[in-house]
Amino acid sequence: MTKPLLILFLFTLLTFISCKESSLINQKTNTENTITHSVDRLIVYQTENLIVKKLSNHIYQHISFLNTDDYGKVECNGMLVVNENEGIVFDTPTDNKSSIELINFVTKELKSEIIALIPTHFHNDCVGGIVEFEKHNIPTYAYKQTIELLKENGQKFTKPIKDFTNSLTLDIGNKKVYAEYFGEGHTKDNIIGYFPEGKTVFGGCLIKTFGASKGYLGDANTDKWSETVQKIKLKYPNAEIVIPGHGKSGGTELFDYTIELFKLK
């Protein structure tokens, strides 16, 4: 083999080895990311009444069940934010029994105090266990219109509810949790929750899981729904975790799916 051909051969061999090593590193990184992604979503608590999934270091998704005439047994999501032994719950589980379980899980397993409950709208899948939260002296914060709609529907409160107009900011340890109203959609009063650590949005029933139907529309404003979600997407375009009111959590593709589902033709 001549010297130029030998040099060319060695260069080609070194390039091949380098590419192969790079490919193996990328495969390892992707595998590690996949494992981390999976671990972050482990079920950390499960009974016939309640499931709790850990989505990140600070975020948990609680799942309880509602028996309905039209849709059968429905999984209903809420969000739990935990930081420095304090917790904030968005939406109660669907009934008192599952709510007791969630409260016990937070206080006994996570060794944290629940400092606030924030219902995202007035339907029973958001407030079905509010009595238990009141019994445990957990303060409730709600959008003004949510309180009005609850009272119109016969909901009685044993403790005062702290209201807010358009947005709410609460301290949780050294971090903050936000609740905000963007407009009508699933109901007139639907709000969303946001936790900057991990860029997590709890959309409640305003946001649909991928592949879901339009669902219950008895109190909906379908003309405004897409527009409202578009506002959320514009404010939180880099959200990494999006939790819908029912079904699997995802990313910003859930915004896009919901916008398309209710887009005016």
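**Exercise 1.** Determine which elements the buried residues of helix 5 pack against, and where these residues lie around the helix axis.

*Solution.* The buried residues of helix 5 pack against helix 3 (124–127), strand 7 and strand 8 (161–164). The model is predicted: local features need pLDDT of at least 70, side-chain atom pairs count only at pLDDT 80 or more, and totals for chains, interfaces and linings use all residues. Residues are numbered from 1 along each chain as its sequence is written, and side-chain values use heavy atoms, with hydrogens and water left out.

Step 1. Helices (H or I, at least four residues) and strands (E, at least two) are DSSP runs, numbered from the N terminus. In helix 5 (residues 144–152), Thr146, Ile147, Leu149 and Leu150 are buried, that is, under 20% relative accessible area, whereas exposed means over 50% and partly exposed in between (1.4 Å probe, protein chains only).

Step 2. Viewed down the helix 5 axis, the buried residues fall within an arc of 165°, so they line one face; the arc is that of the directions from the helix axis to the C-beta atoms.

Step 3. Exposed Lys151 and Glu152 are carried on the face of helix 5 turned away from its buried side.

**Exercise 2.** Describe the surroundings of His186.

*Solution.* Step 1. His186 lies in the loop between strand 10 (175–181) and strand 11 (191–195) and is buried, with a relative accessible area of 6%.

Step 2. Leaving aside neighbours within four places in sequence, residues in contact with His186 include His121, His123, Cys205 and Trp225, where contact means heavy atoms within 4.5 Å.
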